Amino acid sequence: MADEDDIILSELDDEELVLQMHDDLYDGLKEEIEEAVHILIDRGWTPYDILTKALVAGMTIVGNDFRDGILFVPEVLLAANAMKGGMAILKPLLVETGAPRMGKMVIGTVKGDIHDIGKNLVAMMMEGAGFEVVDIGINNPVESYLEALDREGADILGMSALLTTTMPYMKVVIDTMKEKGIRDDYLVIVGGAPLNEEFGKAIGADAYCRDAAVAVETAKDMVARKHNRMGA
Ligand code: B12
């Protein structure tokens, strides 16, 4: 049997290569992921397809096995690191659309939560769609969000949470904005695997977005509606 070292990625056809990428992501092989991303770019794949079909699909498998206790934190960290290697290559390609500036978004993961892959993806896709994005990272208390919104003169606040224990913190941020009388100055969008539409409504967000593509569409839509309202 051929072992891993014998596989020459560039000799695989597209379908085999994508499956191999799922395996390599699972095994946390960053260099192999980076090489494969380059190969797919050279073969004319769009950055978005590489992101969704190879990287995000691979990470879903990792997620399922983490949930089922087959993989543990160290392995998942390696997979996340490999995923980030691939994303770093795609980022400039997703961003270089030259789209007109749509507005400015501050995005960050909430306090107590260090998951950042989904947030980073949303940030990249939003930049690609013409939004200016200020990423304030992970583990953000309410003060960091408010300070960044004010400092940056942002239009949109994006919050990410991947844990059922940290998602309620989004409400703390929105409630604080209400108390300070600034809630309606911003569009607030929220996301992360454990959230849903109902939760978004319940905490008073303007929208819950299932994934990065929906985030882009929703933000575009909301900004256009806001401009129309202001123009009327
Ligand atoms: C990778 C990962 C980790 C990595 C994180 C590395 C990193 N740099 O991000 C590490 C190993 C560090 C980790 C740690 C932990 N994790 Co974890 N982790 C995951 C895993 C496998 C994948 C998450 C991911 O990156 N997905 C890929 C991205 C692309 O998807 P996504 O994040 O959902 O983002 C998309 C959408 O949700 C949306 N979105 C996301 N954010 C935003 C924001 C906005 C504004 C919008 C509009 C949209 C949006 O768009 C994104 C792109 O399409 C998930 C499993 C899962 N199914 O989600 C568990 C998971 C989230 N983790 C879990 C747990 C329990 C933990 C730990 C507590 C484990 C432990 N015992 O220590 C710690 C917590 C650490 C902490 N305090 O945050 C649980 C949560 C369970 C729960 N119900 O709360 C999950 C669900 C696994 C499981 N089933 O048990 N984890």
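Where is the place of Asn139? Asn139 sits in the loop between strand 2 (131-135) and helix 6 (142-152), with helices (H or I, at least four residues) and strands (E, at least two) taken as DSSP runs numbered from the N terminus. The model is a predicted one, so to speak of local features takes a pLDDT of at least 70 and side-chain atom pairs count only at pLDDT 80 or more, while totals for chains, interfaces and linings use all residues. Residues are numbered from 1 along each chain as its sequence is written, and side-chain values use heavy atoms, with hydrogens and water left out.

Back to that loop: the phi of Asn139 is near 55 degrees, a positive value in a residue other than glycine. Asn139 counts as partly exposed because its relative accessibility is 40%; on this scale buried is under 20% relative accessible area, exposed is over 50%, and partly exposed falls in between (1.4 Å probe, protein chains only).

Next, the overall layout. The domain assignment splits the chain into domain 1 (9-97) and domain 2 (104-231), with bounds that come from an automatic or database domain assignment. Their C-alpha centres lie 26 Å apart. Twelve residues from domain 1 and nine residues from domain 2 take part in the contact, where contact means heavy atoms within 4.5 Å.

As for the interior, the largest nonpolar core holds 51 residues, and Met21, Met59, Met126 and Ile156 have the most contacts inside it. A nonpolar core here is a set of buried Ala, Val, Leu, Ile, Met, Phe, Trp, Tyr and Cys residues joined through side-chain atoms within 4.5 Å. Helix 4 (residues 73-95) gives the most to this core, namely nine residues, and at least three residues come from each of domain 1 and domain 2. Not counting residues up to four places away in sequence, Met21 touches Ile33, Ala36, Val37, Leu40, Ala54 and Leu55. There is also a second, separate core of 27 residues, with Val110, Leu157, Met167 and Val173 among them.

Two other residues are worth a look. Trp45 lies in the loop between helix 2 (30-42) and helix 3. Its contacts, leaving aside neighbours within four places in sequence, are Asp14, Val18, Leu40, Ile50 and Lys53. Trp45 and Asp14 are 31 residues apart along the chain, with 9.6 Å between their C-alpha atoms. Met177 belongs to helix 7 (residues 169-179) and is buried, with a relative accessible area of 0%. With the neighbours within four places in sequence set aside, Met177 is in contact with Leu146, Leu149, Leu157, Ile182, Arg183, Tyr186 and Val188.

Finally, the largest pocket has a volume of about 1,500 Å³. On a 1 Å grid over the protein atoms alone, a pocket is an open set of points where a 1.4 Å probe fits, with protein on both sides within 12 Å along at least five of seven lines, and lining residues have an atom within 4 Å of a point. Points are joined across faces, edges and corners, and the volume is the space filled by probe spheres set on them. The lining has 45 residues, of which His115, Ile117, Gly118, Leu162 and Ala193 lie nearest the centre. Helix 3 gives the most to this lining, with eleven residues, and at least three residues come from each of domain 1 and domain 2.
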